[in-house]
Amino acid sequence: MAKTKEPQQAPPERPAPLAPFVGQPSIVEYFRRVGPDDLAQAYFFWGQRGVGKLTFAKILAMTLHCERPSSFPLGYCGECGPCLRAVAGSSGDTIVISDEFIREADRLAGKSIERKTDVMGIETARRIISLMEMHSYEGGRMVCIVPNFDFVTNDLVYNALLKELEEPKPGKLFLLTAERPDRVLPTIRSRTTSLRFDALAESDIAKALVEHHGVPADRAKLLARRAQGSLGDALAALEGEGLSLYESSRDWALACIGAPKRIPQTPPLSRENARTEIVEVLRGARLAVRDALTLALGSHDRLLDAEAARSSREAVERLGSDAARRLVNGLTAINEASRIADETNIPPASVLGWLQVQLRSI
Ligand SMILES: [Zn+2]
């Protein structure tokens with residue numbers, strides 16, 4: 001993983017604190033002025049990826065539930081019971097609609113896992129509504145954070161949540177995030193307070209990389225420039241640096257297949273050696289998909305890459321009951337990419353771009 005990691009300051013039994021929030025001064029100022037007692041029932045945070053929409057939503061929830069906040073909206077203490085539970089991901093008062101939450105809601109509703117993507121269905125919407133009816137454990141508001149709301153396309157989900165947003169009740173707060181606000185129905189948007197998250201300044205990204213992630217200054221500057229306003233992308237690039245091309249290709253292929261909602265970074269090819277490197281990339285991708293297929297078939301063959309067994313298994317779980325057929329499609333696409341890279345003059349980076357589209361839609 002990343003070569004550079006924050007030094008561990010906290011004793012091991014304590015979860016590591018969140019990195020401080022970066023940028024978005026007008027959003028912070030807006031909430032400072034509104035204050036914790038006059039919040040709307042629902043906010044819609046939109047803007048490009050990696051600019052802090054989800055992080056801000058989580059910190060806002062923590063500060064609301066904190067017993068000794070120093071300020072609002074970012075001043076949670078990090079040490080009281082509610083803060084520690086929130087950092088450990090076990091706050092009963094904040095629900096974050098993660099992939100795990102969606103799978104759990106499906107399971108509780110007795111639905112077998114066969115969802116192609118990890119976008120929420122009606123089972124998740126119903127579970128959100130029932131959890132939000134409960135009384136806050138920490139004594140404050142119940143907060144529901146829904147990342148990537150622009151991926152929700154199901155009318156049933158829309159209708160269920162619309163009803164929830166239409167009947168404002170004190171004690172509930174919804175925080176929705178989206179990269180593409182135009183994909184969210186106006187009926188939802190009009191019931192929320194819409195706030196735009198801007199691209200981050202290069203200097204803010206570089207500063208955060210140096211101060212919170214131990215990156216040397218020149219390296220941080222370069223990463224910040226490439227990240228085009230997205231701290232999330234800069235951190236993803238940083239994480240990828242410690243991996244060999246083979247490892248990053250393997251992780252890339254599994255991410256394309258297992259979590260098509262996200263767009264992972266394609267493995268970096270150098271300008272001089274792209275034609276040799278793409279062979280390595282396709283080899284990593286092929287081994288990863290082949291191992292996933294071995295698992296999906298329940299075969300007792302030895303995995304080719306036991307080190308990645310966990311990520312292969314997760315990809316298979318996400319693919320659901322149809323995993324084997326889809327992984328075979330994935331292998332076919334990788335073989336086709338090899339043929340194109342071998343036999344044509346199409347630039348290697350374009351071949352990977354094509355393969356990424358195929359793998360995300362098998
Ligand atoms: Zn606290």
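# Exercises on helix packing and backbone geometry

Arg-286 is buried, since 20 other C-beta atoms lie within 10 Å of its own. The structure is a predicted model, and the exercises below work outward from this residue.

**Exercise 1. Place Arg-286 in the fold, and determine which residues it contacts beyond its neighbours within four places in sequence.**

Step 1. The element that holds Arg-286 is helix H12, which covers residues 274-296.

Step 2. A residue counts as buried if 20 or more other C-beta atoms lie within 10 Å of its own, and Arg-286 has 20, so it falls in the buried class.

Step 3. Once the neighbours within four places in sequence are set aside, Arg-286 is in contact with Leu-331 and Ile-334. Ile-334 also belongs to the residues of H14 that meet H15.

Step 4. Thr-332, a residue of helix H14, has its C-alpha atom 9.6 Å from that of Arg-286, although 46 residues separate the two along the chain. Thr-332 itself is partly exposed, because it has 13 C-beta neighbours inside 10 Å.

Step 5. For Ala-349, which is 63 residues from Arg-286 along the chain, the C-alpha separation is 17 Å.

**Exercise 2. Work out how H12 and H15 are oriented to each other, and which residues form their contact.**

Step 1. The axes of H12 and H15 are 9 Å apart, and the packing angle is about 25°.

Step 2. Angles under 35 degrees count as roughly parallel, and the two helices are therefore roughly parallel to each other.

Step 3. From H12 the contact draws on Ala-274, Arg-275, Ile-278 and Val-281, while H15 supplies Pro-348, Ala-349, Val-351 and Leu-352.

Step 4. Sorted by character, the residues of this contact comprise seven nonpolar, no polar and one charged.

**Exercise 3. Carry out the analysis for H14 and H15, and add the handedness of the crossing.**

Step 1. Helix H14 spans residues 323-343 and helix H15 spans residues 348-360; their axes come within 10 Å and cross at roughly 165°.

Step 2. An angle over 145 degrees counts as roughly antiparallel, and H14 and H15 are therefore roughly antiparallel to each other.

Step 3. The crossing of these two helices is right-handed.

Step 4. On the H14 side the contact is formed by Gly-330, Ala-333, Ile-334, Ala-337, Ile-340 and Ala-341, and on the H15 side by Pro-348, Val-351, Trp-354, Leu-355, Gln-358 and Leu-359.

Step 5. These residues divide into 10 nonpolar, two polar and no charged.

**Exercise 4. Characterise the crossing of H9 and H10, then describe the residue Gln-228 in the loop between them.**

Step 1. The axes of H9, residues 217-227, and H10, residues 231-241, come within 8 Å, and the crossing angle is roughly 125°.

Step 2. This angle lies outside the ranges for roughly parallel, roughly antiparallel and roughly perpendicular, and H9 and H10 are therefore oblique to each other.

Step 3. The crossing of H9 with H10 is right-handed.

Step 4. In the contact, Leu-223, Ala-224, Arg-226 and Ala-227 of H9 meet Leu-231, Asp-233, Ala-234, Ala-237 and Leu-238 of H10, a set with seven nonpolar, no polar and two charged residues.

Step 5. In the loop between H9 and H10 lies Gln-228, which has a positive phi of about 50° although it is not a glycine. With 14 other C-beta atoms within 10 Å, Gln-228 is partly exposed.

**Exercise 5. Examine the backbone at Asn-148 and at the peptide bond from Phe-72 to Pro-73.**

Step 1. Most residues other than glycine have a negative phi, and most peptide bonds are trans.

Step 2. Asn-148 is not a glycine, yet its phi is positive, at about 55°. The residue sits in the loop between strand S3 (142-146) and helix H6 (155-166), and it is buried, with 20 other C-beta atoms within 10 Å.

Step 3. The peptide bond from Phe-72 to Pro-73 is cis, with omega near 10°, and Pro-73 belongs to the loop between helix H2 (53-65) and helix H3 (81-87).

**Exercise 6. Summarise the chain as a whole, including how its radius of gyration relates to that of a compact globule.**

Step 1. The protein chain contains 15 helices and five strands, and its C-alpha trace spans about 65 × 50 × 40 Å along the principal axes.

Step 2. For 362 residues a compact globule would have a radius of gyration near 21 Å, and the 22 Å of this chain agrees with that.

Step 3. Buried residues account for 37% of the 362 residues. Of the contacts with a separation of 6 or more, 70% come from residues 24 or more positions apart.

How values were computed. Residues numbered from 1 in each chain as written. Predicted model: local features only at pLDDT ≥ 70, side-chain atom pairs only at ≥ 80, totals over all residues. Helix = DSSP H or I, 4+ residues; strand = E, 2+ residues; numbered from the N terminus. Rg over C-alpha atoms; globule rule 2.2 N^0.38 Å. Buried ≥ 20, exposed ≤ 12 C-beta atoms within 10 Å, placed from the backbone. Contact = placed C-beta atoms within 7 Å. Axes fitted to C-alpha atoms, helices over the stretch in contact; angles between N-to-C directions. Parallel < 35°, antiparallel > 145°, perpendicular 65-115°, else oblique. Left-handed = near helix turned anticlockwise from the far one by under 90°. Nonpolar A, V, L, I, M, F, W, Y, C, P; charged D, E, K, R; others polar.
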